[in-house]
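Open the model in your viewer and show it as a cartoon. The stops below give a selection each time, followed by what is found there.

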Amino acid sequence: MWVYRLKGTAAGLDPLIPELFDRGARGLEEREGEVWAYFPAPLDLPFGGVWEELPDEDWLAAWRRDLKPVRAGPFWVRAPWHPVEGEGIPLVVEPGMAFGTGHHETTRLALAALARHLRPGEKVLDLGTGSGILAIAAAKLGGEAMGVDIDASVLPQAEENARKNGVSVRFLLGSLEEALPHGPFDLVVANLFAELHRELAPRYRQALAPGGRLLLTGILAEKAALVKEGLAEEGFSPLEEEGEGEWVLLAYGT
């Protein structure tokens, strides 16, 4: 088995995911600062990744063995095969084609921020929902959650993850544009790359109700100024900034 290692966030690499599977990827995994795509043999791929051959073993069994539960804020994130243990709010997420297992710094930052900022009964939009983990976490905190994603292939898994967690979340195919008619939202959480946050800044204001808040991550610390500039131009006020490793989360209010 071979792994194609790509630098970056799951959110930033989201447009590549369907093409990786079209070219024969057997699975994807988030690592610290990287995304690993598993293939039976190396291919000529134009995405700037690095190939590495893995030892001759059952890679899927090894991956399941090595994937550990994760603590993120008040949440205890685990896969369905992990035993029920540890304190905190349980989040059961099936790793697979959709990103969002709690192992990446940006997901952990977003989960912790949701716990700090979300008030029960508020409407929450998870933009770029992937596995649905953030929308599901919002629902577990008492929010009325919606998740949207431009990749139709991830939505069935997100819906199944919501079912396993015993919460009701509405998932929608599309982007922020398609979510706007379902707003306004009290809270928007988005794990995207910095340039996209900058581009979406005007639409974020349209998505939020008066007094609404943004929780934005997927942002490299070196690019945080770009996002702050865009939010300032739209009149948002900074609430907090949290970091882990080379990543930051920015919380802003209307």
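In which sense do strand 1 and strand 3 pair, and over how many bridges? Select residues 2-7 for strand 1 and residues 34-39 for strand 3: the pairing is antiparallel, over six bridges. Keep in mind throughout that this is a predicted model.

**The sheet**

Stay with this pair and show the side chain of Tyr 4, which stands opposite Ala 37 in strand 3. Next, widen the selection to the open sheet, where four strands follow the order 2-3-1-4 with antiparallel pairing. Colour strand 2 (27-31) and strand 4 (50-53) apart from the rest; these are the edges, and because each has a single partner strand, one side of each lacks a neighbour in the sheet. From one strand to the next, the twist averages 25°.

**Glu 53**

Now pick Glu 53, which lies in strand 4. Is Glu 53 buried or exposed? Its relative accessibility is 52%, so Glu 53 counts as exposed, the cut-off for that class being over 50%. Setting aside neighbours within four places in sequence, the contacts of Glu 53 are Met 1 and Trp 2. Then draw a distance from the C-alpha of Glu 53 to that of Ala 41: the two residues are twelve apart along the chain, and the separation is 8.6 Å.

**Helix 7**

Move to residues 194-207, which make up helix 7. Its 14 residues reach 18 Å from the first C-alpha to the last, close to the 20 Å expected at 1.5 Å a residue. Where in helix 7 does the kink lie? Centre on Ala 201: the kink there is about 60°, and the proline Pro 202 comes shortly after.

Show side chains for the buried residues of this helix, namely Ala 194, His 197, Leu 200, Ala 201, Tyr 204 and Ala 207. To see what covers them, add strand 8 (123-127), helix 6 (176-179), strand 11 (185-191), strand 12 (208-220) and helix 8 (224-233), which are among the covering elements.

**Helix 7 against helix 8**

Finally, hide everything but helix 7 and helix 8. How far apart are the axes of helix 7 and helix 8, and at what angle do the helices pack? The axes are 8 Å apart and the angle is about 10°, which means that helix 7 runs roughly parallel to helix 8. On the helix 7 side, the contact involves Ala 194, Glu 195, His 197, Arg 198, Ala 201 and Tyr 204. Helix 8 contributes Leu 226, Val 227, Glu 229, Gly 230, Leu 231 and Glu 233.

Note on methods: Residues are numbered from 1 along each chain as its sequence is written. This is a predicted model: local features need pLDDT of at least 70, side-chain atom pairs count only at pLDDT 80 or more; totals for chains, interfaces and linings use all residues. Side-chain values use heavy atoms; hydrogens and water are left out. Two strands pair if DSSP finds at least two bridges between them. Helices (H or I, at least four residues) and strands (E, at least two) are DSSP runs, numbered from the N terminus. Axes are lines fitted to C-alpha atoms, for helices over the stretch in contact, and angles run from 0 to 180 degrees between N-to-C directions. The expected span of a helix is 1.5 Å times one less than its number of residues. The bend at a residue is the angle between axes fitted to the seven residues ending there and the seven starting there. Buried means under 20% relative accessible area, exposed over 50%, partly exposed in between (1.4 Å probe, protein chains only). Contact means heavy atoms within 4.5 Å. Angles under 35 degrees count as roughly parallel, over 145 as roughly antiparallel, 65 to 115 as roughly perpendicular and the rest as oblique.
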